[in-house]
Amino acid sequence: MEASITLKKVGKLIGDKTILAGLTFGVERGTLVAIVGVNDAGKSTLIKLLSGFENPNYGQVFIHGLDMEKRRRETRELIGYVPHENDLDPWLTVEQNIRFTANLYKVNTATASARIVRFAEALNLVPYLNEIAMNVSHGIQKKTMLVRELVHDPDVLIMDEPTGYMDAESIRLTWDLLKELKGNKTIIYVSNALAEIEQAHDRILVFHEGRILMDGHLDKLLESTMDYHQFQIEFKNLSAKLYKQLANVATVVSPNRLDNIFHFYGRTRNVFFDVIRTASDELMIDLNVKKLGLRDLLDSEFAGRGLD
Amino acid sequence: MILALLKRRLWLWQNRLIPSLILLLAMPVILFALVNLPLKNIMGHSLSGVPFELWVIPGFIFVISSVGLFPLLYRDFFDLRVHQKVLVHVALAPYRKRMLIGGYLIVAGIEAMILSLISLVIFSGLAPFPLTVIDTLFMMVCLAVYLLLLGNYFISMGLLIDTVTTFFLITFITFIFILFGNGFIIEFGFFPAGIENFLRWQPLSIPYQAFQLFIRSGIIDWALLFSSLLLGLLWMLGNTTILKRKLRH
């Protein structure tokens with residue numbers, strides 16, 4: 001598939017601190033890519049570089065094959081950027097904010113009107129179009145920022161927390177729209193809403209200390225850990241001796257305890273029965289078995305060392 | 001870009017029409033009542049023999065246009081910039097930074113010129129207007145050059161300052177300087193020689209001096225005007241560099 005975004009050895013420093021360290025990767029056209037990672041991992045900096053908000057200290061960023069530094073004007077026409085925080089003009093109405101962007105990008109009035117109607121209806125924004133931007137809720141402002149970018153029909157949509165501040169219904173509408181747009185547009189976004197990412201991605205980039213730690217579809221990322229399950233058993237009384245016995249079960253991985261709860265990982269569900277057998281004389285209060293998900297991947301211990 | 005910025009200014013006026021209109025009408029009336037009426041009884045003529053009203057009414061027009069130039073540049077280059085709004089979004093649009101600075105200067109200049117024309121009409125209603133049509137046209141040329149310089153000054157100030165208190169203190173000093181340090185109300189001859197020389201050569205006062213020379217003697221000093229224009233264009237390039245650094249583009 002053709003590359004929409006390509007990074008070649010891109011680095012960003014702030015003072016002496018390396019924020020991004022020689023990143024090289026590509027994003028295919030029409031895909032929906034999520035960037036996740038702990039705070040200060042360099043996600044937002046990457047988004048700012050991709051949007052043209054900031055320049056890298058070294059390396060090159062290409063949008064549709066055009067070097068962002070050398071072909072600045074052309075690449076900017078291709079990009080729509082939705083920042084995390086509200087950057088609307090507070091004294092313009094919601095619609096005026098959108099139309100201002102349409103005018104900046106020289107979108108003709110009829111086309112802009114048609115797009116405003118389409119996207120505002122999709123996001124249930126129509127009742128707010130004539131409200132002054134600073135008087136509407138943060139969720140409405142966020143939806144306005146999304147429509148404001150879509151009105152100039154960018155090929156690449158870059159978003160920082162696309163559903164930030166939104167209520168459940170707005171989140172659903174926003175993802176419905178973005179999934180509908182995917183295919184025609186390359187969408188790359190940063191989010192901490194892991195449940196949303198699990199539902200909406202073709203690819204996830206897991207960032208850690210300015211580098212890509214993992215890259216792929218969630219299923220692929222979990223491949224190495226797919227067999228792992230997370231178990232919790234709450235005992236009436238988890239003595240030190242019992243904890244030691246359970247932790248020594250050969251198939252138990254990364255055991256730990258919280259009061260009377262024994263927490264561990266296992267490659268198969270059978271591990272659970274090994275533990276149950278070992279503790280068969282003890283009184284158990286509660287049991288919990290869960291397959292690992294994106295949240296577990298992002299756990300710093302997990303991401304840093306792996307379960308083994 | 002210019003059209004987009006112009007439409008946005010129109011929308012902002014429309015959204016706050018009543019307070020904006022009140023301020024627009026009040027400013028020339030207050031200046032006329034509090035400055036012109038008392039001072040013309042003290043200074044009948046300037047040191048070079050120009051009647052006070054012929055001196056001060058164009059000065060008022062320059063002062064009002066200075067105030068008219070301020071809101072757009074203040075909002076976008078300081079207030080909204082420090083709150084990370086609008087300017088970054090505009091800067092990401094496919095335009096050169098030079099074009100962006102130029103666009104803002106043109107739109108703010110147009111707004112200031114319109115306000116100055118409205119004040120001119122108001123002054124004509126308050127007292128006999130002292131300028132001929134030719135004087136008025138030349139005044140608008142000098143005003144445009146002055147607004148180019150002042151607009152660049154406001155942009156530099158907006159981009160270089162990041163704290164509200166500092167910005168407002170400097171703005172306060174700037175407007176005192178605009179009122180009294182450009183020869184709009186008080187002729188430079190009234191100042192001690194050292195200050196007079198400084199004020200005569202500071203860039204913001206030059207377009208008004210060119211205008212005063214014209215109404216006194218009918219002479220157009222193109223060298224003064226073109227040097228101011230050149231300075232304004234160079235300053236614009238300087239502001240482009242500052243903007244790039246501020247936005248880290």
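The questions below look at how two domains of one chain meet in this predicted model.

Q: Into which domains is chain A divided, and how many Å separate their centres?
A: Chain A is divided into domain 1, which covers 3–223, and domain 2, which covers 228–299. Taken over C-alpha atoms, the centres of these two domains of chain A are separated by 41 Å.

Q: How many residues does the contact take from domain 1 of chain A and from domain 2 of chain A?
A: With contact meaning heavy atoms within 4.5 Å, each side of the domain pair can be counted in turn. The contact takes six residues from domain 2 of chain A and, from domain 1 of chain A, twelve residues.

Q: Which residues in domain 1 of chain A lose the most area to domain 2 of chain A?
A: The two domains of chain A bury about 740 Å² between them, and 82% of that area lies on carbon and sulfur atoms. On the side of domain 1, three residues together account for 54% of what that side buries, and these are A:Leu194, A:Glu198 and A:Leu222.

Q: How many salt bridges does the rule find across the interface of domain 1 and domain 2 of chain A?
A: By class, the side of domain 1 that touches domain 2 has ten nonpolar, one polar and one charged residues. Between the two domains of chain A, the count of residue pairs in polar contact, both at pLDDT 80 or more, is zero. For salt bridges across this interface, the number found is likewise zero.

Q: Which element gives the most to the side of domain 1 of chain A that touches domain 2 of chain A?
A: The elements of chain A that give two or more residues to this side are β3 (32–37), α7 (194–199), β9 (203–208) and α8 (218–221). The one that gives the most, with three residues, is α7(A).

Technical notes: Residues numbered from 1 in each chain as written. Chains lettered and ligands numbered in written order. Predicted model: local features only at pLDDT ≥ 70, side-chain atom pairs only at ≥ 80, totals over all residues. Heavy atoms only, no water. Domains from an automatic or database assignment. Buried area = accessible area lost by both parts, 1.4 Å probe. Salt bridge = Lys/Arg side-chain N within 4 Å of Asp/Glu carboxyl O. Polar contact = N/O pair within 3.5 Å; in protein donor to acceptor, adjacent residues only side chain to side chain. Helix = DSSP H or I, 4+ residues; strand = E, 2+ residues; numbered from the N terminus. Nonpolar A, V, L, I, M, F, W, Y, C, P; charged D, E, K, R; others polar.
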